[in-house]
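User: I am new to protein models and would like to learn how to read one, feature by feature. Please give me the general idea each time and then the case in this structure.

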Amino acid sequence: MQKFGSPESRIDGASKVTGRAMYAADFHLPHMLYAVGIRCHVPHGKIIRIADEEALRSNGVVAVYTHLNAFEELGWTVTEELTRASAEGLGLSAFKQSESVVGYRPLTTDVIRFAGQWIAVLVARTIHDANRGASLVQFEVESYDHNVSLNQADIEGSKPVCFFGEQMQVERGLRGTADATDIVISQIYKTPVQLHQPIEPSATVAVYEDTQLTLFDSTQAVVATRDHVALSLGLPKERVRVVTHFVGGGFGSKNQVWPHQALAAHISRSLGRPVSLQLTRNDMAVASGYRSQTKQKVEIVADRYGKLKSLRHLSHVATSTAGGYFEPCGLSTLALYPSPHLEVGHFVHRKHVSTPTPFRAPGETPGSFAVESALDEVAHRLRINPLELRKLNYPSRNTYQDREWSSIHLDKCYTIGAEEFGWPSSYVEPRSFRDGREAVGYGMATTCYPADVLPASVTVKLTHSGHAVVETAAADIGTGMYTILAQTVADQLSIPFDLIDVRLGESVFPPSPSAGRSRSTSSVLPATKNACEKIRRKLNAKHNTWTTGSGEEWAIVETGTYSGTANADNLSFYSFGAHFVEVGVDEEFAKVRVRRFTSVLDCGRIVNPKTAASQIRGSIIFGIGMALMEDAQFDREGGRLVNDNLADYHVPVNADIPEIDIHFINEPDFHFNTLGVRGLGEIGLPGTAAAIANALYSATGRRIRSLPISYSSLLAADSTVKPR
């Protein structure tokens, strides 16, 4: 009988590897139609003419929708209410604008806002007919001047905005005045646009029948998708059913609601047939968000011992002309390193690009690259071991919020990580180690991530034959939710693991939050425990006679809830960790590789060490890609993404990944919830790119402040150490 802490394999694993798992695009229904988007590659302009007559005469083509007919034929429109309920509305509250916000929705205007925007959607009987017909749609666009990237003109004279109110705009006192013996670091750190690239592109199959809609969708947010699509159709929520049994990765790209999900439903209602609308890999780059470009200025004043006297972190980030989301790079800076003088600001610049969206550990990931790199610069300027510098500036409490941590074991992360990795006990000069032709370097960085919760509910049913069924709307995007829910019920009710059936991802199930911001585990599992406690009370009242009888008739059904509120007030809830990495640089063959990686995490009680370690490895692999490969490039003249595909956009593969050694402190945080658990899908990513960049400095004596790191950028960087 499996209980908490047992390294169990995923109960959905066999279905996935054998192909039995049904993803959204796998649903092929009778008389189904296929819709494809037609893209415009002009980043800014106006549609002058669209000609669809030849396409409509093409074999199998059923309809073409544009801004000229979408409202009349589909009831397709855009309103402020719809915008705020979608990905386009995320973060708009940060902008102090008096005017009404309508936002972007394709097929509602003749205005072109970004390259890759859908200006038409064609529907046909087969996907082949749809693609052929789409090639026959002709259009003429008047092109305007455009701007797609951050530049120096943006940075000069711009004013900061804050993220979700005043929380993100802080200045504690005046900037510290440096003494003669102090070290001052003032540098710019840059991160590029990054694309999510889940294995499964987003897809929606809509079936509208008798004023009822069923949506088979690839989404991290089942309930939010139902609510948005119902609002768009003008239907009561109970008439919309969203089904998301399996999701082939999301990383944030499927956490918000995007136009294609509602558009498929509108087309199905209009044509009276099921409609499949799948995003291509090219569409995914602009139609479901990405991590936006950042330029961050970090200024640090430290005394001669390494104690911080002043920390200033100013971020310039890009967003679209209509949306509201931007990368909040200063989140970790506010919480992690105490400083008597702290300043964090965000400067947001509107560009002719599509709207970005939260991308695995949003804000913390690019922000940690800048700050953790700057701290490494401080350590080397002072000739202090970088680990000792972190210990000297240990965050014993959340000084920004003026609160104690609910739980912190970062010191153990440092100690265990250093021991397991073999971190040097004293300061080591750059270019001190070689292994054959490779220059070898060590780097480290701290990671932290907020522990988040939202209200959740879970129903647990018992049968007379001794089986249990668990139901909740929460999605499993590959994180292992199916498995840890079964482990929770097995632990709470002493039921054999193989007699528990977990059912997820349907809006008719009890509502639970979206699978994002590392909050599913911390929200859904306490609700499951609550349901099991109710069942145990009934069993005790019945003196355990519930096994009498036979069949699958429900003997006991209970719904558990969790308020989404931590157990203690006036505490700050975070997870912490430390990364240690060794890199090798073959200076003759221009090859950079990560040789080994050790990560130690303090993220509450670990439900399943096997799936938890898998999550952290996935985050670290993300960080390796961020540090060394990933870079979505815009054509400067044309303004479109030129590598919006998996052939030209490089992500890590097996040959790029070393052995990744994962350790958990595994200390429950009962101040946070009754199970002491936190989410951990994102904690492994912040700090990873910085640790690699720091290790490369250790190996080569060359400091890189712009990602991704290439051999050419290493050669171009100034060396602070003479070659041996």
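Analyst: Let us begin with the names of the elements: helices, coded H or I and at least four residues long, and strands, coded E and at least two residues long, are DSSP runs that are numbered from the N terminus. With that in hand we can place Ala 361, which sits in the loop between strand 15 (342–350) and helix 11. Please keep in mind throughout that this is a predicted model.

User: What is the phi of Ala 361?

Analyst: The general idea is that most residues other than glycine have a negative phi, and that most peptide bonds are trans. Ala 361, although not a glycine, has a positive phi of about 60 degrees. Another such residue is Arg 517, where phi is likewise positive and near 60 degrees, and its place is the loop between strand 21 and helix 15.

User: Are these residues buried or exposed, starting with Ala 361?

Analyst: Here a cut-off is needed, since buried means under 20% relative accessible area, exposed means over 50%, and partly exposed lies in between. Ala 361 has a relative accessible area of 0%, so it counts as buried, whereas Arg 517, at 22%, counts as partly exposed.

User: Which peptide bond is cis, with omega near -5 degrees?

Analyst: The cis bond is the one that leads from Leu 707 to Pro 708. Pro 708 belongs to the loop between helix 17 and helix 18 (711–716).

User: How should I read a sheet, and what is the order of the strands in the open one with 4 strands?

Analyst: In general, the strands of a sheet pair through backbone hydrogen bonds, either parallel or antiparallel. In this model, the open sheet of 4 strands follows the order 21-20-19-22, and its pairing is mixed. Strand 21 (500–504) and strand 22 (554–562) each have a single partner strand, so they stand at the edges and one side of each is left without a neighbour in the sheet. From one strand to the next, the twist averages 15 degrees.

User: How many bridges join strand 20 to strand 21?

Analyst: Strand 20 (residues 468–472) runs parallel to strand 21, and 5 bridges join the two. As a residue to look for in the view, Val 469 stands opposite Asp 501 of strand 21.

User: Which helix lies across strand 19, strand 20 and strand 21?

Analyst: That is helix 14 (residues 481–493), which runs at about 135 degrees to strand 21. Helix 15 (residues 520–541), for its part, lies across strand 19, strand 20 and strand 22, and runs at about 140 degrees to strand 22.

User: Now the empty spaces: how many cavities of 30 Å³ or more are counted?

Analyst: The idea is that rolling a probe the size of a water molecule over the atoms shows where empty space is left. The count comes to 10 cavities of 30 Å³ or more, and the largest cavity has a volume of about 150 Å³. Its lining is made up of 15 residues, with Tyr 104, Phe 114, Pro 259, Val 286 and Ala 287 nearest the centre. Strand 5 (117–124), helix 8 (259–271) and helix 9 (281–287) are the elements that give two or more residues to this lining, which by class holds 9 nonpolar, 5 polar and 1 charged residues.

User: What volume does the second largest cavity have, and which residues are closest to its centre?

Analyst: The second largest cavity has a volume of about 110 Å³, and of the 14 residues that line it, Pro 386, Trp 423, Val 428, Tyr 442 and Ser 698 are the closest to its centre. At least two lining residues come from each of helix 11 (364–382), strand 18 (438–450) and helix 17 (688–700), and the largest share, 3 residues, comes from strand 18. Helix 17 also holds Asn 694, which at a relative accessible area of 1% is buried and which touches, among others, Glu 372, Arg 390 and Tyr 442.

User: And where the space is an open pocket, which residues lie nearest the centre of the second largest one?

Analyst: The second largest pocket, with a volume of about 500 Å³, is lined by 21 residues, and those nearest its centre are Ser 149, Pro 192, Gln 293, Asp 631 and Gln 633. Strand 8 (183–191) and strand 13 (294–302) each supply at least two residues of that lining, and by class it divides into 8 nonpolar, 8 polar and 5 charged residues.

Terms used
Residues are numbered from 1 along each chain as its sequence is written. This is a predicted model: local features need pLDDT of at least 70, side-chain atom pairs count only at pLDDT 80 or more; totals for chains, interfaces and linings use all residues. Side-chain values use heavy atoms; hydrogens and water are left out. On a 1 Å grid over the protein atoms alone, a cavity is a set of points where a 1.4 Å probe fits but cannot get out, and a pocket is an open set with protein on both sides within 12 Å along at least five of seven lines; lining residues have an atom within 4 Å of a point. Grid points are joined across faces, edges and corners, and a volume is the space filled by probe spheres set on the points. Ala, Val, Leu, Ile, Met, Phe, Trp, Tyr, Cys and Pro count as nonpolar, Asp, Glu, Lys and Arg as charged, and the others, Gly among them, as polar. Two strands pair if DSSP finds at least two bridges between them. Axes are lines fitted to C-alpha atoms, for helices over the stretch in contact, and angles run from 0 to 180 degrees between N-to-C directions. Contact means heavy atoms within 4.5 Å. Buried means under 20% relative accessible area, exposed over 50%, partly exposed in between (1.4 Å probe, protein chains only). Lists of a residue's contacts leave out its neighbours within four places in sequence.
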